[in-house]
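Welcome! Here is a short tour of how helices pack and how aromatic rings meet in the structure shown below.

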Amino acid sequence: MATKRRGAAAPAAAKRGRSEARAELCAALGDAALRERAGAAWARGERLRHDAVVLEPAPFRHGVIPGFLAGSAFAEALRDELLGLDFCGRRNDLLSLQQSEELGASPAPHVAALRHALCEEFQVWLSAVTQIELEPTIDISCAKYEYTDVLLCHDDELEGRRIAFILYLVPPWEKSDGGTLDLYSTDEHFQPQQITKSLVPSWNTLVFFEVSPVSFHQVSEVLSQKCRLSVSGWFHGPSVARPARHIEASLARSPHIPCDHEILYEWINQVYLDLDSQAQIQEEFEERSEILLKDFLKKEKYQLLCEALENKEIQWSSRGPANKRLYEAAEEDSLPDTLKKFLQLLRSEALFLLLSNFTGLKLHFLAPSDEDEDAGEGQAADTSGHSSPKPEQEEAEQPVNGNSHQPHQPESSPEAQDSETQSSSGSPVCAGELRRWTHGHYTLVHDSQATEFALDLLFFCGCEDWDPEYGGFTSYIAKGEDEELLTVNPEDNCLALVYRDKETMKFVKYINHRSLARLNKHPNKTGFWDFSFVYYE
């Protein structure tokens with residue numbers, strides 16, 4: 001009986017323990033005079049500096065509250081409770097971190113107490129300061145950032161989100177540890193321009209900011225072995241109007257350059273110019289929609305290419321904005337002759353025909369059409385310029401508008417106008433650039449990214465001993481999904497071909513701090529290069 005009584009009493013004791021957990025906020029939040037000063041500064045877009053609250057108007061309105069939770073005991077117990085939660089690793093184009101489930105209904109006593117304090121006392125204070133009628137409920141979760149984890153540039157905008165908050169529960173933290181909350185200025189198109197403020201995480205400090213079309217921010221990569229633990233979420237309120245998204249100009253598309261087929265024999269490994277090999281490649285490509293062609297260039301040509309890429313006279317320009325991409329692209333006018341000639345190869349009529357043979361796509365009028373194949377007449381076109389189909393017949397069969405495989409874009413967008421101009425002849429076209437990739441570079445999937453039928457070509461240089469753990473690989477995903485369909489890793493002298501449809505998106509994974517370890521073996525190699533081209537039928 002005694003044992004039974006003790007067992008029955010245990011839940012009651014646990015319940016009492018849960019009910020005793022109470023989150024008290026710093027006393028200054030109850031100071032009416034300070035609240036009025038804060039509200040006036042927020043409304044006027046002015047700075048407020050106080051020991052308990054700091055408000056800043058730039059680059060967008062945000063606030064910092066050190067010592068947010070009164071007393072260290074509750075904060076420490078909250079941290080320990082959070083570290084005991086189940087975390088799920090999240091990895092996609094935008095982020096790399098570990099995240100808990102939504103904590104809105106968590107029964108954990110200190111989490112529940114924090115949630116209650118945020119939804120009651122702090123929500124009232126925030127509403128008074130920001131003059132936003134905030135709802136008494138929040139989205140809330142916990143995140144752990146460890147070595148190389150990152151959350152790249154975004155604006156947090158989602159229907160109803162009005163105020164974002166982050167409560168840091170970190171060990172002593174320095175800027176050199178990374179993991180800073182970086183705030184971006186914006187240009188006239190409401191696009192992120194540059195980081196103008198970096199907030200270093202600090203124990204028991206809460207940061208909040210207004211979610212708006214200009215609230216671009218990131219969590220920089222964690223560079224130490226410390227754990228960056230935080231609780232974050234959003235307060236909701238009436239939605240606000242958002243300006244139309246800026247549509248940027250796309251890379252210029254152009255038809256092939258008339259060029260003698262001898263350029264292929266000058267550059268490309270003879271194996272890939274054999275018609276039987278091309279037929280085998282096409283068979284594999286048509287089955288898988290992708291292929292990797294190793295040792296694509298002649299060894300001596302590849303060596304010349306790598307040497308030319310080291311030329312200090314090449315001018316590299318940073319490509320942004322940060323909510324879409326960050327890498328360097330070469331200014332073609334500054335390139336040495338070897339690189340210009342290779343770009344000429346990639347844009348040449350001869351390569352268009354060779355790609356047709358590799359893929360079965362109609363990238364040249366000499367390439368067999370679907371009708372030919374259906375009639376049993378399909379064969380690889382001879383890249384020396386001879387093929388069974390008649391050029392006149394093939395040209396006549398091209399679509400009149402030439403847009404059967406062009407991306408669907410708003411009629412008023414620059415991309416749509418460029419696309420109509422560049423492909424009005426019905427001829428296949430291409431667009432591409434030479435890119436340099438180093439630590440901190442990436443591309444993101446974004447709302448304005450074109451969804452289209454296209455052939456991607458990637459040719460890599462300077463990738464010796466590149467580890468996929470460094471990032472820098474190109475990932476293909478189904479639209480709206482995180483699961484990878486295909487990953488293309490950088491590999492020396494490799495040509496990657498990938499055909500994607502309107503339901504497939506791509507990104508280059510963030511290159512993390514681990515990549516710097518490669519300098520131990522290759523002191524002069526901080527990254528790699530790729531020639532990135534897209535071909536359209």
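In this predicted model, helix α7 (residues 299-309) and helix α8 (residues 337-346) have axes that come within 8 Å and cross at roughly 120°. The two helices, α7 and α8, are therefore oblique to each other, and their crossing is left-handed. If you would like to find the place where they touch, look for Leu304, Leu305, Ala308 and Leu309 on the α7 side. Their partners in α8 are Thr338, Leu339 and Phe342.

A second crossing involves helix α6 (residues 275-288) and helix α9 (residues 349-359), whose axes come within 6 Å and cross at roughly 60°. That angle makes α6 oblique to α9. From α6, the contact uses Leu275, Gln278, Ile281, Gln282, Phe285 and Glu286. From α9, Leu354, Ser356, Asn357, Phe358 and Thr359 take part.

Now let us turn to the aromatic rings. How many aromatic pairs does a search of the whole structure find? The search gives 23. Among them is Trp42 with Phe208: the ring centres are 5.8 Å apart and the planes stand at 25°, so this pair is stacked. Trp42 belongs to helix α2 (residues 32-44) and Phe208 to strand β11 (residues 205-210), so the pair links distant parts of the chain, 166 residues apart. Are these two residues buried or exposed? Both Trp42 and Phe208 are buried.

Phe165 and Phe235 make another pair, with ring centres 5.4 Å apart and planes at 55°, so this one is tilted. Phe165 lies in strand β8 (residues 161-168) and Phe235 in strand β13 (residues 228-236), so the pair ties together parts 70 residues apart in sequence. Phe165 is buried, and Phe235 is buried too.

The residues of these two pairs also belong to one aromatic cluster, formed by Trp42, Phe68, Phe122, Trp125, Phe165, Phe208 and Phe235.

Rings can have charged neighbours as well. The table lists two places where the charged end of a side chain sits over a tryptophan ring.

| Charged residue | Ring | Distance from ring centre |
|---|---|---|
| Arg161 | Trp234 | 3.4 Å |
| Lys226 | Trp173 | 5.9 Å |

To explore further, you could start at the charged end of Arg161, over the ring of Trp234, and then look for Lys226 over Trp173.

Note on methods
Residues are numbered from 1 along each chain as its sequence is written. This is a predicted model: local features need pLDDT of at least 70, side-chain atom pairs count only at pLDDT 80 or more; totals for chains, interfaces and linings use all residues. Side-chain values use heavy atoms; hydrogens and water are left out. Rings of Phe, Tyr and Trp (its six-membered ring) pair if their centres lie within 6.5 Å; planes under 30 degrees apart count as stacked, over 60 as edge-to-face and the rest as tilted. Helices (H or I, at least four residues) and strands (E, at least two) are DSSP runs, numbered from the N terminus. Buried means under 20% relative accessible area, exposed over 50%, partly exposed in between (1.4 Å probe, protein chains only). A charge sits over a ring if NZ of Lys or CZ of Arg is within 6 Å of the ring centre and within 35 degrees of the ring normal. Axes are lines fitted to C-alpha atoms, for helices over the stretch in contact, and angles run from 0 to 180 degrees between N-to-C directions. Angles under 35 degrees count as roughly parallel, over 145 as roughly antiparallel, 65 to 115 as roughly perpendicular and the rest as oblique. A crossing is left-handed if the near helix is turned anticlockwise from the far one by less than a right angle, and right-handed if clockwise. Contact means heavy atoms within 4.5 Å.
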